[in-house]
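Let's take a walk through this protein, starting with the whole and then stopping at a few spots along the chain. Have a look at the model first.

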Amino acid sequence: MNETIAIIGGGPAGLFCALQAAGAGGDVVLFEKKPAPGKKLLIAGSGRCNITHAGDIADFLSRYGDHGAFLRPALMNFTNRDLIAFFTDRGLRMETEPGGKVFPETRKSADVLAVLLAECAARGVEVRSSDPVLAVERDGDGFLVTTKTGAVRAATLVIATGGASYPATGSTGDGYAFARALGQPTTEVAPALTPVYVEDYPFADLAGISFQNLTLSVYRDGKRARQRTGDLLFTHTGLSGPGILDLSRAVRPGDELRVTFLSGMTAEEVRKRLTDAVAAGGGRQVKTVLCGLALPERFVRRLLDLAGVPADETCAQLGKKARNALAASLAEFPFRVARLGGFNEAMVTRGGVAIKGINPKTMASKTVENLYCIGEALDIDGDTGGYNLQAAFSTAALAARRITGIYASR
């Protein structure tokens with residue numbers, strides 16, 4: 001009987017599933033279309049590899065939009081503590097930065113990849129690089145995996161092809177087609193964790209200015225569709241920063257993005273704060289009072305321009321209409337969304353293999369026996385901060401646990 005375990009995709013999910021499943025009684029073959037595995041992992045965290053996040057694993061569940069409940073079994077089976085211990089036990093220590101992001105002590109993604117590859121080699125995983133999978137099909141109780149070098153019959157198939165973001169690294173959405181070919185449902189895919197480009201953008205020359213802990217709201221058809229708190233960065237062409245990247249998963253072209261520019265405040269609190277500050281300002285310049293609210297001076301000058309307020313205007317001189325215009329800009333500055341960054345800019349992919357067709361306790365298909373889907377190939381996307389890599393490792397570990405259990409029982 002053929003006992004081959006075929007894994008398509010040499011990213012963190014594929015490599016981790018391969019090394020965990022190796023030695024279970026079957027031969028593990030991993031197919032990678034690029035000349036070497038892990039190309040996307042090498043650029044994770046700008047090459048520094050924010051591998052996970054600190055804190056209680058239960059707190060992770062709220063970081064995946066509506067799909068946190070699906071990930072609960074995987075995250076609880078292989079936690080952030082387990083992931084840190086895996087690498088620490090192999091000589092790669094981890095460090096937690098302020099805010100909770102966890103990085104390898106060396107701050108090198110290449111060191112994370114080296115550990116994974118070394119473990120695969122030590123456990124006998126056959127890694128076939130530069131051997132892209134062209135097609136998959138059912139073959140009796142197993143699968144037929146066709147590559148440019150021939151066909152491989154496998155008893156178990158794992159789709160770990162990643163998403164469609166950063167296609168130059170090999171993530172081009174191949175796994176969705178493989179899943180559909182086997183009768184596994186998929187959802188529409190789009191870029192996620194991506195910059196937002198807006199119409200008539202007024203802050204292009206303020207690129208590099210950042211704000212912390214702002215209230216960010218998405219409005220669609222006049223109704224608030226999503227709201228979150230996070231950091232914002234002005235770029236030459238639009239909005240970025242962790243808060244915007246996380247919120248982008250809920251943003252669509254044509255939406256209105258409203259930004260509250262005073263840290264930690266609601267729009268109503270900002271209006272009151274500005275009104276009180278101006279009322280108490282007297283002969284002080286409006287510019288000085290606004291800068292006193294912890295706002296960058298260049299940004300303040302631009303707000304005054306947009307509201308038609310002279311740079312040397314005092315609070316006593318400021319008319320009610322101009323004051324209201326400034327309050328509106330600070331409380332809910334409106335940006336009309338033109339488009340989102342494409343797959344070349346997106347950190348992850350929204351959409352993928354539909355989670356309704358996957359058993360969350362095993363990562364196995366509910367309809368195709370011995371088929372598993374893991375990592376970013378699934379319709380799962382998390383916040384920035386290490387949550388997506390943790391999901392990749394956790395889903396891989398859970399699938400491998402199921403696969404090794406099946407082989408052990410034979």
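The protein has 12 helices and 19 strands; helices (H or I, at least four residues) and strands (E, at least two) are DSSP runs, numbered from the N terminus. What you see is a predicted model, where local features need pLDDT of at least 70 and side-chain atom pairs count only at pLDDT 80 or more, while totals for chains, interfaces and linings use all residues. Residues are numbered from 1 along each chain as its sequence is written, and side-chain values use heavy atoms, with hydrogens and water left out.

Now for the overall picture. The C-alpha trace spans about 90 × 45 × 35 Å along its principal axes. Of the 410 residues in the protein, 54% are buried, and buried here means under 20% relative accessible area, with exposed over 50% and partly exposed in between (1.4 Å probe, protein chains only). Contact means heavy atoms within 4.5 Å. Among contacts between residues at least 6 apart in sequence, 72% join residues at least 24 apart.

A good place to begin is helix α1, residues 12-21, which is mostly covered, with 9 of its 10 residues buried. Among those buried residues are Pro 12, Leu 15, Phe 16 and Cys 17. After α1 comes Gly 23, and its phi is positive, near 85°.

What about the cysteines? A disulfide is a pair of cysteine sulfur atoms within 2.5 Å, and by this rule the count comes to 0. Cys 49 is in no disulfide, and its nearest cysteine sulfur, that of Cys 120, is 15 Å away. Cys 120 is in no disulfide either; for this residue the nearest cysteine sulfur belongs to Cys 17, 9.8 Å away. Cys 49 is buried, because its relative accessible area is 0%, and Cys 120 counts as buried because its value is 1%.

Let's move on to Ile 43, in the loop between α2 (39-42) and β3 (52-53). Ile 43 counts as partly exposed because its relative accessibility is 38%. Follow the chain from Ile 43 to Ser 109 and you cover 66 residues, yet their C-alpha atoms are separated by 7.0 Å.

Strand β3 holds our next stop, His 53. Is His 53 buried or exposed? With a relative accessible area of 13%, His 53 is buried. Its C-alpha is 6.3 Å from that of Gly 385, although the two are 332 residues apart in sequence. Leaving aside neighbours within four places in sequence, His 53 is in contact with several residues, including Phe 60, Asn 80, Gly 99 and Tyr 387. Two of its links are polar contacts, and that term covers a pair of N or O atoms within 3.5 Å; within protein, one must be able to donate a hydrogen and the other to accept it, and residues adjacent in sequence count only if both atoms are side-chain atoms. The side chain of His 53 reaches the backbone oxygen of Gly 99 at 3.0 Å, and makes a polar contact of 3.4 Å with the side chain of Tyr 387.

Further along are two residues with an unusual label in common. Asp 200 is not a glycine, but has a positive phi of about 50°. Asp 200 lies in the loop between β12 (196-198) and β13, and counts as exposed because its relative accessibility is 75%. Ala 294 also has a positive phi, near 65°, in a residue other than glycine. You'll find Ala 294 in the loop between α9 (286-291) and α10 (297-307); at 69% relative accessibility, Ala 294 counts as exposed.

Back to strand β13, residues 210-220, where Ser 217 sits. Ser 217 is buried, because its relative accessible area is 5%. A polar contact of 2.8 Å joins its side chain to that of Gln 227. Not counting residues up to four places away in sequence, Ser 217 touches Arg 224, Arg 226, Gln 227, Glu 256, Leu 257 and Arg 258.

Arg 226 leads us to the last stop, a pocket. Rolling a probe the size of a water molecule over the atoms shows where empty space is left. On a 1 Å grid over the protein atoms alone, a pocket is an open set of points where a 1.4 Å probe fits, with protein on both sides within 12 Å along at least five of seven lines, and lining residues have an atom within 4 Å of a point. Grid points are joined across faces, edges and corners, and a volume is the space filled by probe spheres set on the points. The second largest pocket holds about 440 Å³ of space. Its lining has 21 residues, and the closest to its centre are Gly 65, Asp 66, Arg 226, Arg 249 and Ala 250. Two elements, β14 (223-234) and α7 (242-247), give two or more residues to this lining, and β14 gives the most, with 4 residues. The lining divides into 5 nonpolar, 4 polar and 12 charged residues, where Ala, Val, Leu, Ile, Met, Phe, Trp, Tyr, Cys and Pro count as nonpolar, Asp, Glu, Lys and Arg as charged, and the others, Gly among them, as polar.
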